[in-house]
Amino acid sequence: MIEILLFFIGASLLLYVIFGGADYGAGILELLPIKKQMRAEQTHVINEAMGPVWEANHMWLILVIVILFMGFPLVFTTLMTSLHIPMVALLVGIVIRGCVFTFRHYDPLSEEKSQKVYTKVFGISSLWTSLWLGIIVASLNRGAINPKSLDFHTAYIRPWFGLYPLMTGIFVALIFAFLAAIYLIGETTHVELKKLFARRAYILNILVVIAGGLVFLTSDLEGGSLLRDFIQHPAAIFCMVSATFMFVLLWFFIEKRKTYHARIVAAGQATLILAGWYLLYAPNALTTTEGPLSFFSAAAPPATLLQLVLALLVGSLFIFPSLFFLIKVFKINKPARSGHAPK
Amino acid sequence: MDDLIAARSTMAFSLGFHIIFAAIGMTMPFFMTTAHFLFLRKKNPEYLELTKMWMKGVAILFAVGAVSGTVLSFELGLLWPGFMKHAGPVIGMPFSWEGTAFFLEAIAIGLFLYGWDRMHPWVHWGTGLLVGVSGFASGVFVVAANSWMNTPAGFDWVNGEAVNIDPVAAMFNKAWLHQSLHMQTAALQAVGFAVAGIHAYLLLKGKARHLNLMALKIAMAFAATASLIQPFIGHFAAQKVAEYQPAKLAAMEGHFKTEKAAALYIGGYPNVETQTMEYGIPIPGALSFLAFNDFNAEVKGLDQFPRELWPPVAITHFSFQIMVGIGSLLALVALLYFYFLKKKNIPNWFLKVLCGTIPLGFIAIEAGWITTEVGRQPWIIYGFMKTKDALTPVPGMVYHFVLFLILYIFLGFVTAWLLKRQITAAQKKFEV
């Protein structure tokens with residue numbers, strides 16, 4: 001039963017990264033400088049590409065939260081207590097970007113000034129939120145979570161404060177921006193914009209690799225065990241190495257303008273990175289100063305797990321077909337735009 | 001402000017903010033779908049205009065509802081880890097179903113908003129309906145989770161731990177049905193009157209008379225029907241409260257002394273020191289009748305409970321009176337509406353009345369939630385766990401409160417400003 005739940009947690013996280021992550025990335029890309037006449041087109045492309053899937057992409061995070069608080073209450077409450085501050089920072093970001101993206105699209109008077117403000121806020125909040133996501137992820141198994149401490153600093157600051165969590169945050173933001181750049185190449189017919197996205201994808205790909213190296217380095221500098229754990233874990237090494245070398249394939253597809261192939265390869269890279277990380281620590285949910293807390297020892301009673309698995313399985317019967325329909329309508333069918341569609 | 005009060009205020013404010021958008025998100029899609037249905041059947045382009053106008057409102061308000069709901073799911077752990085540690089496994093089930101329903105809603109709203117001309121018109125219409133149906137279902141599930149805090153079920157409490165957990169029994173606890181019915185009907189009322197009121201305002205300004213009248217009629221069909229049913233549901237709910245949470249009922253009514261043929265007070269100030277009701281208008285025997293269908297029945301007063309287990313009496317009483325007062329008023333307006341509808345003539349003064357009802361339903365919803373939440377205090381799980389024992393150990397909750405206060409007030413203003421821009425833009429369009 002717990003294995004099924006671990007699968008759902010992993011799958012939801014993965015889908016959140018490869019779909020929701022690109023939404024963050026698009027916001028980050030909008031922060032980068034661009035020629036004035038291309039900015040409006042870029043915003044238009046991003047609205048059209050992300051609008052239909054925006055709310056659905058956000059749901060994977062909710063799913064993880066629900067699985068945690070029903071199935072693994074101890075994990076949930078420990079995270080929400082020891083990582084209270086980064087969680088609040090994350091929430092503020094989620095609230096702001098979730099609203100401003102929709103507001104920008106549905107402001108009936110799309111004059112330049114207000115659009116500029118929306119875009120700035122959307123960009124900054126997307127960057128902010130992805131940084132905190134990375135910080136939280138890095139804090140899980142950093143071993144600094146200290147639920148028993150009564151000292152404010154060791155209980156609520158030290159668990160997440162440091163160079164390694166920050167670097168992970170930057171790494172996550174770069175991956176998100178990279179995914180967005182790759183996905184967006186195929187969303188526009190504007191030649192120059194296509195070129196711009198492709199150029200940014202190249203640069204971001206290189207930056208992701210460098211940042212990935214720095215994540216290991218910073219962990220090592222602060223005495224963390226990431227590198228040591230990693231070297232002893234062949235499957236994790238395999239994931240990271242293949243993710244890194246898939247860039248050759250990716251660049252080939254981008255050059256050939258095979259946008260679908262490029263998307264799949266980029267999502268594959270993200271999947272491998274996430275899988276490597278997940279494998280490294282599974283089945284541990286988090287590591288406190290007293291040692292790891294396994295999902296198996298933090299699980300709710302069997303009757304609850306059964307109901308949770310049932311809800312997830314039955315829910316999947318509804319969700320996956322509708323999700324497939326959503327993707328089919330907007331990402332595969334792609335009919336010519338008509339003037340009938342409301343702004 | 002101590003941490004407990006700050007955390008409770010944060011939760012109250014987050015819920016109070018979210019509930020407005022949640023109520024709109026789960027009912028307004030039905031108005032929109034009705035207009036869309038009429039367009040598809042009658043091909044009158046005005047119905048299409050109306051569908052799209054409402055659709056934009058739904059889109060904006062849904063976005064705010066989705067993120068403020070996310071905040072709540074985190075806050076359960078951020079503020080009340082002591083509660084979630086025990087309650088998560090017991091009441092997780094309605095939350096997991098809520099997650100499913102909300103997921104479907106999120107997919108459906110993407111399909112509906114962006115799917116014009118991309119699928120068969122009736123399939124597209126169906127996606128709009130799905131937004132409403134799944135939104136409505138997720139509302140029922142969340143209220144079921146809340147109702148468990150009032151009438152806990154599906155576990156045994158042994159040495160401060162929940163054991164023998166039965167999530168199904170927890171979800172279908174004694175309060176889930178009346179709470180859900182009451183809330184969902186209230187949402188229809190609040191949103192219906194608000195929408196009807198806005199269109200009544202536009203009618204008074206003489207803008208696009210036909211379209212605004214159609215809009216008003218659709219919204220009022222939901223609002224007025226719900227308003228006539230709600231008194232019965234409310235009565236049913238109060239009887240359940242009398243049965244399962246006598247202390248809450250006593251606080252709601254400012255009923256201090258256990259007695260037969262208990263009087264119901266209209267208005268009045270419950271003086272906790274003297275344990276009397278001051279300045280209220282008593283209706284003899286009415287409370288006994290309302291609670292137990294018998295004018296002579298004995299109604300438990302607050303004197304049956306130790307003082308430290310009393311909820312804050314004045315807040316519970318006032319908010320309950322506000323809710324009942326507004327509910328009665330809206331029922332009256334609903335009756336008038338049906339009368340004018342039958343006469344096929346809605347006078348201008350009645351349109352003005354409708355303008356006045358724009359905020360009323362929402363005020364009643366807030367007052368109702370204050371009644372049920374404050375009335376449950378000092379318990380977080382009624383009879384099992386006190387709210388203070390569920391509080392997070394993280395200090396400085398007041399900063400958390402101020403942060404979300406500022407964020408939500410700002411967000412509220414931006415949303416209102418944007419909606420106003422939408423309405424202005426729509427009006428300009430008609431003038432051309």
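# Exercises on a predicted model

P283(A) sits in the loop that runs between α12 (259-281) and β1 of chain A. The structure is a predicted model. Work through the exercises in order.

**Exercise 1.** Find which form the peptide bond from A282(A) to P283(A) takes, cis or trans.

*Solution.*
- Go to the loop between α12 and β1 of chain A, where P283(A) lies.
- Look at omega for the bond from A282(A) to P283(A): the value is near 0°.
- The bond is cis.

**Exercise 2.** Describe how strand β1 of chain A is joined to strand β2 of chain A.

*Solution.*
- Mark the strands: β1 covers residues 284-288 and β2 covers residues 291-294.
- Count the bridges between these strands: there are four.
- Check the direction: the two strands run antiparallel.
- Pick one pair: N284(A) faces S294(A) of β2(A).
- Look at the turn: two residues separate β1(A) from β2(A), and the strands form a hairpin.

**Exercise 3.** Locate P378(B) and classify the peptide bond that leads to it from Q377(B).

*Solution.*
- Move to chain B and find the loop between α12 (360-374) and β9 (379-381).
- P378(B) is in that loop.
- Read omega for the bond from Q377(B): it is near 5°.
- This bond is cis.

**Exercise 4.** R257(A) is not a glycine; state its phi, then decide whether it is buried, partly exposed or exposed.

*Solution.*
- Find the loop between α11 (234-255) and α12 of chain A, which holds R257(A).
- The phi of R257(A) is positive, at about 55°.
- Its relative accessibility is 38%.
- Partly exposed covers the range between 20% and 50%.
- R257(A) therefore counts as partly exposed.

**Exercise 5.** Do the same for K344(B), which is not a glycine either: give phi and exposure.

*Solution.*
- K344(B) is placed in the loop between α10 (313-343) and α11 (348-356) of chain B.
- Its phi is positive, at about 60°.
- The relative accessible area of K344(B) is 76%.
- Exposed means over 50%.
- K344(B) is therefore exposed.

**Exercise 6.** Decide whether S130(A) is buried or exposed, and list its contacts beyond four places in sequence.

*Solution.*
- S130(A) belongs to helix α6 of chain A, residues 112-140.
- Its relative accessible area is 0%.
- The cut-off for buried is under 20%.
- S130(A) is therefore buried.
- Now set aside neighbours within four places in sequence: S130(A) touches Y24(A), I28(A), G169(A), V172(A), A173(A) and F176(A).

Terms used
Residues are numbered from 1 along each chain as its sequence is written. Chains are lettered from A and ligands numbered from 1 in the order in which they are written. This is a predicted model: local features need pLDDT of at least 70, side-chain atom pairs count only at pLDDT 80 or more; totals for chains, interfaces and linings use all residues. Side-chain values use heavy atoms; hydrogens and water are left out. Two strands pair if DSSP finds at least two bridges between them. Buried means under 20% relative accessible area, exposed over 50%, partly exposed in between (1.4 Å probe, protein chains only). Contact means heavy atoms within 4.5 Å.
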